[in-house]
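Here are my notes on this one, in the order I'd look at things. Have the model open while you read.

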Amino acid sequence: MITLNTPAPTAHAGILGLGTFRPERVVSNDEICQRIDSNDEWIQERSGIIERRHGGPDETVVTMATAAARKAIADAGITAQQLDLVMVATVTHRYQTPSAAVEVAAAIGAVNAAATDTSAACAGFCYGLGIADGMIRSGSAKYILLIGAEKLSEIVNFEDRGTAFLFADGAGAVVVGPTTAQGIGPTIWGADGTQRDAIIMDPDIFTAEKAGTPSVLTMQGQQVFRWAVGQMGDVCAEAMAAAGVTASDLSAFVPHQANNRITDALVKQLDLPENVVIARDIQYSGNTSAASVPLALDRLRENGEVKSGDLVLMVGFGAGLVHAAQVALVP
Ligand code: UT7
């Protein structure tokens, strides 16, 4: 039997740089409530959201991802030409094909990179980080640009009181590459397609086009809430155990910014020490799906609440239903 060559593996991978993009336009709860029967108090109490940002007509998944990518590359201290892969985690790129990643790669001049999108909704960033870590350590790539980017305001039904206040827009990028010590823990991930209808575009885009009705995001909020609170604590604990760390090693917990009450429940289940900073970016960013974890991490870094070398626990969860968690060192 023929044995094929494999690339020379690299011992360790980590996050080398981080960058984000938040659209200009701030949308208040009062503005959202002009179209749904709700109020600022209810939204803040039930979700934690004070305001969110919606992209303007010229701000697309590609432009937001590109802006975040440029910052991450500069932060990593590499050039776009050194990238081997550009990966965009998104569910809101306007085209089924070609991918957002090919446009981002072209825009930043990543002329030596392969490019692809990954679809894992709100777990997309943590899925991508797991894929990037494995590819770098196996020797398939040296530098990977991973971007979570969403323009959810284009698929939200602003008449739906279950989702209109929740979802928003933004992008967060990281450069992943070789490091002297391992900077990304094992990814604990999974999927439960039996719950595909819990968060789903309805109707599908082809039916929608024929019917002349938009395909919009629908969500069984309570079902997703119960699943997240019931399962994600164990997933987070498993991610820490797999990396050989405990809660006392953490500087911050950066869960997907889905709902502050989900975050509260996970903090309690994990019994996190008082000094562990909890990301609450949802207050000002809403739920930005694949962008939420890097956006929340960058806000902690900007505010000086975490610094380079600190250990953070991240978990993404959402439509699929899918989830992914890992610990990582802040770049
Ligand atoms: O990113 C992907 C993952 N997504 C998530 O993790 C989202 C998970 N789900 C949630 O965050 C929550 O389910 C929501 C924030 C979306 C909704 O909060 P909830 O506490 O689950 O609301 P509910 O659907 O259980 O409704 C509770 C009450 C109901 O009234 P009654 O029957 O108790 O009188 C609803 O009619 O709140 C009412 N309600 C609202 N009231 C004011 C539902 N939506 C609204 C609203 N404003 N927008």
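1. A word on terms before the numbers: the domain bounds used here come from an automatic or database domain assignment. Keep in mind too that this is a predicted model. On that assignment, the chain splits into domain 1, residues 13–178, and domain 2, residues 188–329. Their centres, taken over C-alpha atoms, are 14 Å apart.

2. How many residues does each domain put into the contact? Domain 1 supplies 47 residues and domain 2 supplies 46. Between them the two domains bury about 3600 Å², with 63% of that on carbon and sulfur atoms. On the domain 1 side, the residues losing the most area to domain 2 are R22, C122 and C126, which together account for 19% of what that side buries.

3. Now the polar side of the interface. There are 19 residue pairs in polar contact between domain 1 and domain 2, counting pairs with both residues at pLDDT 80 or more. The salt-bridge rule finds 2 across this interface. R22 is worth a second look: besides being among the residues that lose the most area, its side chain meets that of D281 in a salt bridge, at 3.3 Å from N to O.

4. Which elements build the side of domain 1 that touches domain 2? Those giving two or more residues are the strands β1 (13–21), β3 (51–54), β6 (144–151) and β7 (169–178), plus the helices α2 (40–47) and α5 (124–138). The top contributor is α5, with 7 residues. Sorted by class, this side of domain 1 has 24 nonpolar, 13 polar and 10 charged residues.

5. On to the ligand. It has 22 residues around it, and the ones that come nearest are S38, R46, Q222, N259 and N287. Some individual distances are handy when you zoom in. An N or O atom in the S38 side chain sits 2.6 Å from a ligand nitrogen. For N287, an N or O atom of the side chain is 2.6 Å from a ligand oxygen. G221 takes part through its backbone instead, with a polar backbone atom 3.0 Å from a nitrogen of the ligand.

6. Last, some backbone geometry I'd check by eye. Most residues other than glycine have a negative phi, and most peptide bonds are trans. Where are the exceptions here? One is the peptide bond from D202 to P203, which is cis with omega near -10°; P203 falls in the loop between β9 (199–202) and α6 (205–211). Another cis bond joins G320 to L321, with omega about -5°, and L321 is in the loop between β13 (311–318) and β14 (322–329). Then there is A121, not a glycine, yet with a positive phi of about 45°. You'll find A121 in the loop between β5 (114–118) and α5, the helix that gives the most residues to the domain 1 side of the interface.

Note on methods
Residues numbered from 1 in each chain as written. Predicted model: local features only at pLDDT ≥ 70, side-chain atom pairs only at ≥ 80, totals over all residues. Heavy atoms only, no water. Contact = heavy atoms within 4.5 Å. Buried area = accessible area lost by both parts, 1.4 Å probe. Salt bridge = Lys/Arg side-chain N within 4 Å of Asp/Glu carboxyl O. Polar contact = N/O pair within 3.5 Å; in protein donor to acceptor, adjacent residues only side chain to side chain. Helix = DSSP H or I, 4+ residues; strand = E, 2+ residues; numbered from the N terminus. Nonpolar A, V, L, I, M, F, W, Y, C, P; charged D, E, K, R; others polar. Near = heavy atom within 4 Å.
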